[in-house]
Amino acid sequence: QVQLVESGGGLVQPGGSLRLSCAASGSIFSINDMGWHRQAPGKQRELVAVISSRGTRHYADSVKGRFTISRDNAKNTLYLQMNSLKPEDTAVYYCNADVSSGSSWFNYWGQGTQVTVSS
């Protein structure tokens with residue numbers, strides 16, 4: 001079994017910054033793509049950013065230039081540096097990862113961390 005645990009969420013003023021982390025643990029042989037998604041109240045979950053095992057990044061247009069996704073493969077940890085935060089960034093942020101325990105690949109999700117941008 002594999003667990004993803006997010007941390008780093010909280011309340012921040014508009015224009016502020018937060019750094020989210022997502023630590024993967026358990027029976028891990030290899031991790032392929034890792035990503036961040038978010039879900040605001042009354043809205044569908046949406047992709048924020050994704051990073052491949054080789055470091056190729058993709059961002060939603062709404063966060064380009066403000067957010068940076070990164071990963072530490074040695075620690076099986078994913079990060080999201082969020083700068084110039086806006087009230088519309090308020091949401092629960094979830095990480096997910098494609099993980100192999102040796103024979104098959106599965107997609108796992110964390111439990112989410114709340115980010116609130118408000119003055």
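Here is a short walk through the structure above, from its overall fold to its one cross-link.

Keep in mind as you look around that this is a predicted model. Start with the secondary structure: there are 11 strands and 0 helices. Following the chain from one end to the other therefore gives the pattern β-β-β-β-β-β-β-β-β-β-β. How compact is the protein for its length? Its radius of gyration is 14 Å, close to the 14 Å that the globule rule gives for 119 residues, so the protein is as compact as a globular protein of that length. If you prefer box dimensions, the C-alpha trace spans about 50 × 25 × 25 Å along its principal axes.

Now turn to the packing. Of the 119 residues, 40% count as buried. Among contacts with a separation of 6 or more, 54% come from residues 24 or more positions apart. On the outside, the protein exposes about 6,300 Å², and carbon and sulfur atoms supply 46% of that area. As for charge, there are 11 positive and 8 negative side chains, with the centres of the two sets 4 Å apart.

Finally, let us visit the cross-link. The structure holds 1 disulfide, which joins Cys 22 to Cys 95 with an S to S distance of 2.0 Å. Cys 22 sits in strand E3 (residues 18-26) and Cys 95 in strand E9 (residues 91-100), so the pair ties together parts that are 73 residues apart in sequence. The torsion about the S-S bond of Cys 22 and Cys 95 is about 50°, so this disulfide is right-handed. Are these two cysteines buried or exposed? Both Cys 22 and Cys 95 are buried.

Conventions. Residues are numbered from 1 along each chain as its sequence is written. This is a predicted model: local features need pLDDT of at least 70, side-chain atom pairs count only at pLDDT 80 or more; totals for chains, interfaces and linings use all residues. Side-chain values use heavy atoms; hydrogens and water are left out. Helices (H or I, at least four residues) and strands (E, at least two) are DSSP runs, numbered from the N terminus. The radius of gyration is taken over C-alpha atoms; the globule rule is 2.2 Å times the number of residues to the power 0.38. Buried means under 20% relative accessible area, exposed over 50%, partly exposed in between (1.4 Å probe, protein chains only). Contact means heavy atoms within 4.5 Å. Accessible areas come from the Shrake-Rupley method with a 1.4 Å probe; for residues, only the protein chains shown count as cover. Lys and Arg count as positive and Asp and Glu as negative; His and the chain ends are not counted. The place of a charge is taken as NZ of Lys, CZ of Arg, CG of Asp or CD of Glu. A disulfide is a pair of cysteine sulfur atoms within 2.5 Å.
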